[in-house]
Amino acid sequence: MSNEPILLGKALASFDALWSPRIVTRVNDYDVRIAKVEGEHLWHAHDDTDEFFLVLDGELHISLREPAGERTVLLPQGAVFTVPRGTEHKPSAPSGAAILMFEPAGTPTMGDRHDEIPDHVDATTGHALDT
């Protein structure tokens with residue numbers, strides 16, 4: 001990891017792939033990841049960890065399946081939200097967004113449990129394939 005400041009805008013400008021997080025730094029055993037997102041992701045859950053989201057630009061929607069039912073949380077620029085471990089969720093960004101996530105190193109992008117992976121996503125890494 002770098003011992004210099006990281007400019008998130010510059011890091012985000014270095015790639016175009018959607019739903020393909022990049023690690024910008026580590027804090028102890030946690031990855032700090034940034035991603036560009038647009039459209040819908042998959043329903044998935046992380047069985048062993050919470051997932052933290054910070055919206056850097058745009059608006060992120062996170063649909064949640066909870067014991068009381070399904071709901072969607074709207075996160076404008078500057079908002080943070082933590083999805084509790086084991087909660088099925090589906091992020092989406094109809095108009096596009098840039099996000100920062102904070103999660104244990106090695107956490108799979110697609111979660112431990114997820115919907116069927118579409119053809120445009122690498123099933124091993126969870127990264128969008130360039131089309």
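These legends go with a set of close-up views of a predicted model.

**Figure 1. The whole chain, one helix and nine strands.** Going along the sequence, you meet the helix and then the strands, in the pattern α-β-β-β-β-β-β-β-β-β. The protein has 131 residues, and 43% of them count as buried. If you take the contacts with a separation of 6 or more, 65% come from residues 24 or more positions apart. The accessible surface adds up to about 7400 Å², with 50% of it on carbon and sulfur atoms.

**Figure 2. The largest nonpolar core, 17 residues.** Val37, Phe53, Leu60, Ile62, Leu75, Phe81 and Ile99 are the residues with the most contacts inside this core. At least two core residues come from each of these strands: E2 (30-40), E4 (51-58), E5 (60-66), E6 (69-75), E7 (80-83) and E8 (88-104). The top contributor is E8, which puts in four residues. As a rule, nonpolar side chains in soluble globular proteins tend to be buried together.

**Figure 3. Ile99 and its contacts from elsewhere in the sequence.** Skip the neighbours within four places in sequence, and Ile99 is still in contact with Arg33, Ile34, Ala35 and Val37. Its list also takes in Phe53, Leu54, Val55, Leu56 and Leu60. Apart from the core of Figure 2 there is another one, made of eight residues, including Phe15, Val24, Ile34 and Leu100. So what does Ile34 do in these views? Ile34 touches Ile99 and is itself one of the residues of that eight-residue core.

**Figure 4. Strand E4 with its partners E7 and E8.** E4 and E7 run antiparallel and are paired through four bridges. E4 and E8 are antiparallel too, joined by six bridges. Leu54 is a handy residue to pick out here: it stands opposite Val80 in E7, and it also stands opposite Leu100 in E8. Leu100 turns up again as a member of the eight-residue core, while Leu54 is on the contact list of Ile99.

**Figure 5. Pro104, in strand E8, and the residues it touches.** Which residues does Pro104 touch, once those up to four places away in sequence are not counted? They are Asp29, Tyr30, Asp31, Arg33 and Thr49. Pro104 and Asp31 sit 73 residues apart in sequence, yet their C-alpha atoms are 5.8 Å apart in space. Arg33 links this view to Figure 3, being in contact with Ile99 as well as with Pro104.

Key: Residues are numbered from 1 along each chain as its sequence is written. This is a predicted model: local features need pLDDT of at least 70, side-chain atom pairs count only at pLDDT 80 or more; totals for chains, interfaces and linings use all residues. Side-chain values use heavy atoms; hydrogens and water are left out. A nonpolar core is a set of buried Ala, Val, Leu, Ile, Met, Phe, Trp, Tyr and Cys residues joined through side-chain atoms within 4.5 Å. Buried means under 20% relative accessible area, exposed over 50%, partly exposed in between (1.4 Å probe, protein chains only). Contact means heavy atoms within 4.5 Å. Two strands pair if DSSP finds at least two bridges between them. Accessible areas come from the Shrake-Rupley method with a 1.4 Å probe; for residues, only the protein chains shown count as cover.
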